Amino acid sequence: MSSRPVDPGADYAIVMDGLDLLTVQQIDAGTGAILATSLNVVCLKRLTKKETVSVGEGEVGSTVSGFTLVASGLSFIPKDRDRVIDADGVVWEIGNVTIGGFDTLYQCADCLRKR
């Protein structure tokens, strides 16, 4: 039996419908400076949802989404607080990054829309 190289990220980009190209920025957590930028990263954007958080005696609304990024389009590994700029120009702060697909996909489940 012969073995074949496996690249789930490349397969994902071929078989998934609804993929977008977006920009991912690596952010310095201390200063907020942009350290690196990757353009035209292939991604699947998950459904966007609105959430509310109790603050004092009131509530604050936020918009949350998720992105699955194909790793081959990035020059760095995304981490919490890095940014995604989607196809509509909306800026999202990355949260909760997990690596999947034999290190070929980055799943960013809790991305918060920046105001």
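## Pairing of strands 1, 2 and 4

In this predicted model, Leu-19 lies across from Leu-44, a residue of strand 2. The two strands concerned are strand 1, covering residues 19-27, and strand 2, covering residues 34-45. They are paired in the antiparallel sense, and eight bridges join them.

Leu-44 also has a partner in strand 4, where Thr-68 stands opposite. Strand 4 spans residues 58-70 and pairs with strand 2, again in the antiparallel sense, over three bridges. Strand 2 therefore pairs both with strand 1 and with strand 4, since two strands count as paired if at least two bridges are found between them.

## The hairpin between strands 1 and 2

Strand 1 and strand 2 form a hairpin with six residues between the strands. Within this hairpin, Gly-32 adopts a positive phi near 80°.

## Cysteines and the absence of disulfides

How many disulfides does a search of the whole structure find? The search finds zero. A disulfide requires a pair of cysteine sulfur atoms within 2.5 Å. For Cys-43, the closest cysteine sulfur belongs to Cys-108 and is 8.6 Å away, so the separation is too far for a bond. For Cys-111, the closest cysteine sulfur is also in Cys-108, at 5.0 Å, and this too is too far for a bond.

Are Cys-43 and Cys-111 buried or exposed? Cys-43 has 0% relative accessibility and therefore counts as buried. Cys-111 is likewise buried, because its relative accessibility is 0%. The cut-off for this class is a relative accessible area under 20%.

Terms used:
Residues numbered from 1 in each chain as written. Predicted model: local features only at pLDDT ≥ 70, side-chain atom pairs only at ≥ 80, totals over all residues. Heavy atoms only, no water. Buried < 20%, exposed > 50% of the residue type's maximum accessible area, 1.4 Å probe, protein only. Helix = DSSP H or I, 4+ residues; strand = E, 2+ residues; numbered from the N terminus.
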